[in-house]
Amino acid sequence: MIDHSYLELLKSRRSIRTIGKNVDYSKEEITDLVEQVIKESPTAFNNQTVRSIILFGKSSDLVWEIIAERLKAEVPSPEAYDRTKAKIDSFEAGFGTILYFSDRPTIEKDMAQFALYKDNFCDWSEQGLGGAEINVWTALANVGLGANLQHYNPLIDDQIKQAFQVPDGWVLRAQMPFGSIEGPADDKDYLADDLRFKVRYN
């Protein structure tokens, strides 16, 4: 019989939006976990295009301060901004933030080296990034930490690059705040299986 323990682990990985700083692990332990998981996550041609900046303390807070300030120019009304700011504050309340990037020079090198597949390397890089993100997210859930994934890029790209000395070739793709689980995930709906899967046994 198939062991479903991994499936149960995947089910524990949810978008936890109420996170806090009540974390028993050290920053170094979490950093090592994230780095090791990203290193073990597969990429096309093993080109390892995933890059990451792992932030704690004031550096983590700065990400969300940048986002809050940047969105002032985008949100249509003060009332809407108040709602947006409350959401951003909930992310800032976490223990840390992981920034995910794709390394554009590596993608371009592979496009030139493997011209037959050049149209696929951007998509493959996104697949590799998604794999790394979900693996980190699940690894955090496995040790009792909550996280969610946000995408305020490209609005904040320039400010993030300046604040954290991001190398020129790194393209920001996502932000993952994480911390202690201070509230449950929302209920999850599932698309009907017959709309999602087709199976043939012979």
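## The second largest pocket

In this predicted model, the second largest pocket has a volume of about 190 Å³. If you would like to find it in the structure, look for Leu7, Leu10, Lys11, Arg13, Arg14, Lys188 and Tyr190, which form its lining. Sorted by character, the lining residues of the second largest pocket are three nonpolar and four charged, with no polar ones.

## The largest pocket

Now for the largest pocket, whose volume is about 220 Å³. Two elements each give two or more residues to the lining of this pocket: helix 2 (27-40) and strand 2 (50-56). Strand 2 supplies the largest share, four residues.

To trace the lining of the largest pocket along the chain, start with Glu35, Ile38, Lys39, Ser41 and Thr43, then carry on to Gln48, Val50, Arg51, Ser52 and Ile54. What mix of residues does this lining hold: how many are nonpolar, polar and charged? There are three nonpolar, four polar and three charged residues in the lining of the largest pocket.

## Where helix 5 meets helix 6

Next come pairs of packed helices. Two packed helices are described by the angle between their axes and the distance between the axes.

Take helix 5 (residues 104-113) and helix 6 (residues 121-142) to begin with: their axes come within 10 Å and cross at roughly 135 degrees. Because of that angle, helix 5 is oblique to helix 6. The crossing of these two helices is right-handed. On the helix 5 side, the contact is made by Arg104, Ile107, Asp110 and Met111, while helix 6 brings Phe121, Cys122 and Ser125. The contact of helix 5 with helix 6 holds four nonpolar residues, one polar residue and two charged residues.

## Where helix 3 meets helix 7

Another pair to look at is helix 3 (residues 57-71) with helix 7 (residues 157-164); they pack at an angle of about 150 degrees, and their axes are 10 Å apart. Why does helix 3 count as roughly antiparallel to helix 7? The angle is about 150 degrees, and angles over 145 count as roughly antiparallel, so helix 3 is described as roughly antiparallel to helix 7. The crossing of helix 3 and helix 7 is right-handed.

You can pick out this contact by its residues: Ser59, Leu62, Val63, Ile66 and Arg70 in helix 3 meet Gln159, Ile160, Ala163 and Phe164 in helix 7. In the contact of helix 3 with helix 7, six residues are nonpolar, two are polar and one is charged.

Methods: Residues are numbered from 1 along each chain as its sequence is written. This is a predicted model: local features need pLDDT of at least 70, side-chain atom pairs count only at pLDDT 80 or more; totals for chains, interfaces and linings use all residues. Side-chain values use heavy atoms; hydrogens and water are left out. On a 1 Å grid over the protein atoms alone, a cavity is a set of points where a 1.4 Å probe fits but cannot get out, and a pocket is an open set with protein on both sides within 12 Å along at least five of seven lines; lining residues have an atom within 4 Å of a point. Grid points are joined across faces, edges and corners, and a volume is the space filled by probe spheres set on the points. Ala, Val, Leu, Ile, Met, Phe, Trp, Tyr, Cys and Pro count as nonpolar, Asp, Glu, Lys and Arg as charged, and the others, Gly among them, as polar. Axes are lines fitted to C-alpha atoms, for helices over the stretch in contact, and angles run from 0 to 180 degrees between N-to-C directions. Angles under 35 degrees count as roughly parallel, over 145 as roughly antiparallel, 65 to 115 as roughly perpendicular and the rest as oblique. A crossing is left-handed if the near helix is turned anticlockwise from the far one by less than a right angle, and right-handed if clockwise. Contact means heavy atoms within 4.5 Å.
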